[in-house]
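Biologist: Hey, could you pull up that model and walk me through it? I'd like to go from the fold to the helix packing and then to how the chains meet.

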There are 2 protein chains.
Amino acid sequence: MTKASTHTGPTHKERTHARILDEAAAAMRLDGPDGISVAALMKRAGLTHGGFYAHFPSRDALVTEAIERMFQDSRRILDDRLTQREAAEGVAGLIDWYLSEAIRSAPDQGCPLPALSGGASRMPEAARGRFNQGVAYFQRALATAFDALGLPEPEMTARSVLAELVGAMALARAASDEAAGNEILRSSRQLLKTRLGLA
Amino acid sequence: MTKASTHTGPTHKERTHARILDEAAAAMRLDGPDGISVAALMKRAGLTHGGFYAHFPSRDALVTEAIERMFQDSRRILDDRLTQREAAEGVAGLIDWYLSEAIRSAPDQGCPLPALSGGASRMPEAARGRFNQGVAYFQRALATAFDALGLPEPEMTARSVLAELVGAMALARAASDEAAGNEILRSSRQLLKTRLGLA
DNA sequence: TCATTTATATGATGAACATCATATTTTCAA
DNA sequence: TTGAAAATATGATGTTCATCATATAAATGA
């Protein structure tokens, strides 16, 4: 069952691997790196627990790959919004998307930072490295956009804005009262755009 | 060993209870609500695991009490800073303290929000309620101070500022590169004070 | 179709965990 | 000083977990 020499699609095993990763990424966005057991994860992927180690050498390796997968997804969204439009429109749209009520209610979509930032120190070292690369990429992308907007101190502003984005979504998701959570989102959407001159 | 009728200090049991709670609060600020086992917690308190259930009916009850304890500590600091000084000085000092490198390196002190926000949905229901009360208190305290500063939209600003405080500390702690973490703190310290007219 | 490789399933092992029953120690009033 | 009550320790139970050895099933080249 070695992959044929001619260019064919992904192997059955590769598809299964990807499916396990997708489920892990979704579960971890909901419940953090320790949020799902190997057995529960495999069941969600439609498999049994034993086969796991044919795909990943250890649970830590899964966590690391899943973190990377999450940031790949986020990077694609980020790039779409920031590079395929006018800078002002791109940034405003990113803020509205990032802090939308839809994303608030669907933590398994959206950015992994609000769910994972608080627990990065508990992640396997390799996973934490990927996490930091993801944060750095996000900061650079924002700084580039802010520079295009002509804002002063684009790097510093990027760090500050990212902090508010992440904190606002984390706090909004934490609220048991949905209305209170939505107020947090609304406040940050508005004041972020105000301070970036997008209001 | 019933507490004497005359007013004496706290019972031995009460002191032990408080000691367990303090250890739990410190551990949870580091590693979240699931960060420490009953056995490990009791060992840190200088006791053995079995006695735990003489103090708490369940692990969930401990988590709930520990959350409350953490917010009591924070509330005291918050009130000290915001009520015992000029509003401008109090807010600036709060920002500098909250986002200090010392607090970054000592997660078992400082505010529980950065460590716990991401995982509030996994907390026992009662604990989540206390958590939300803590957030609401923080927001109200900030809004009052911003009102005293004459800022427009003090409530909305309070939500936005709290989000940035929490997000900045969470991201700074997540960074494996200490310098990168410190840049995050520095950026938010400066831009928060700028946008509140305290620079 | 058949034989062989690859992918997945079954079942087991040992560790960590929350919880609890019971034993031991400590405390303090009499 | 002593004995009852309170506080803590010991040890056990059942569960969940990551990991792995091995068995079965599925796929593919011949």
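Modeller: Sure. Chain A has nine helices and zero strands. Keep in mind that this is a predicted model.

Biologist: What order do the elements of chain A run in from the N terminus?

Modeller: The order is α-α-α-α-α-α-α-α-α.

Biologist: And what box do the C-alpha atoms of chain A fill?

Modeller: Along the principal axes, that box is roughly 55 × 45 × 30 Å.

Biologist: OK, annotations. Where does UniProt place "domain: HTH tetR-type" in chain A?

Modeller: An unreviewed UniProt entry puts that feature at residues 14–74 of chain A. In the model, residues 14–74 of chain A are 67% helix and 0% strand, with the end C-alpha atoms 22 Å apart.

Biologist: Which residues does UniProt list for "DNA-binding region"?

Modeller: Residues 37–56 of chain A, again from an unreviewed entry. Helix makes up 35% of residues 37–56 of chain A and strand 0%, and the end C-alpha atoms there are 14 Å apart.

Biologist: Let's switch to packing. At what angle do the axes of α3(A) and α7(A) cross?

Modeller: Roughly 10°, and the axes come within 8 Å. Helix α3 covers residues 59–83 of chain A. With that crossing angle, α3(A) counts as roughly parallel to α7(A).

Biologist: Which residues in α3(A) and α7(A) meet?

Modeller: On the α3(A) side they include A:Val63, A:Ile67, A:Phe71, A:Leu78 and A:Leu82. On the α7(A) side, A:Ala127, A:Phe131, A:Tyr137, A:Phe138 and A:Ala141 are among them. By class, the residues of this α3(A) and α7(A) contact divide into 12 nonpolar, three polar and three charged.

Biologist: And α7(A) against α8(A), at what angle do they pack?

Modeller: About 125°, with the axes 8 Å apart. Here α7 is residues 125–148 and α8 is residues 154–174 of chain A. That angle makes α7(A) oblique to α8(A).

Biologist: Is that crossing left-handed or right-handed?

Modeller: Right-handed, as α7(A) passes α8(A). The residues that meet include A:Phe138, A:Leu142 and A:Phe146 in α7(A), and A:Pro154, A:Ala158, A:Val161 and A:Leu162 in α8(A). That contact of α7(A) with α8(A) has eight nonpolar, two polar and three charged residues.

Biologist: A:Phe138 came up for both contacts, right?

Modeller: Yep. A:Phe138 is listed in the contact with α3(A), and A:Phe138 is also listed in the contact with α8(A).

Biologist: Now the dimer. How many residues of chain B are in contact with chain A?

Modeller: 42 residues of chain B, and they touch 42 residues of chain A. The elements giving two or more residues to the chain B side are α6 (113–116), α7 (125–148), α8 (154–174) and α9 (178–195) of chain B. The most come from α8(B), with 15 residues.

Biologist: What's the class split on that side of chain B?

Modeller: There are 18 nonpolar, 14 polar and 10 charged residues on the side of chain B that touches chain A.

Biologist: How are the two copies related?

Modeller: A turn of 180° with a shift of 0.0 Å along the axis lays chain B on chain A, at an RMSD of 0.0 Å. The two copies are therefore related as by a two-fold rotation axis. The same surface serves both copies, with 100% of the contact residues of chain B recurring in chain A.

Conventions: Residues numbered from 1 in each chain as written. Chains lettered and ligands numbered in written order. Predicted model: local features only at pLDDT ≥ 70, side-chain atom pairs only at ≥ 80, totals over all residues. Contact = placed C-beta atoms within 7 Å. Helix = DSSP H or I, 4+ residues; strand = E, 2+ residues; numbered from the N terminus. Nonpolar A, V, L, I, M, F, W, Y, C, P; charged D, E, K, R; others polar. Least-squares fit on C-alpha atoms with pLDDT ≥ 70 in both. UniProt positions renumbered as here; feature names shortened; annotations may be inferred. Axes fitted to C-alpha atoms, helices over the stretch in contact; angles between N-to-C directions. Parallel < 35°, antiparallel > 145°, perpendicular 65-115°, else oblique. Left-handed = near helix turned anticlockwise from the far one by under 90°.
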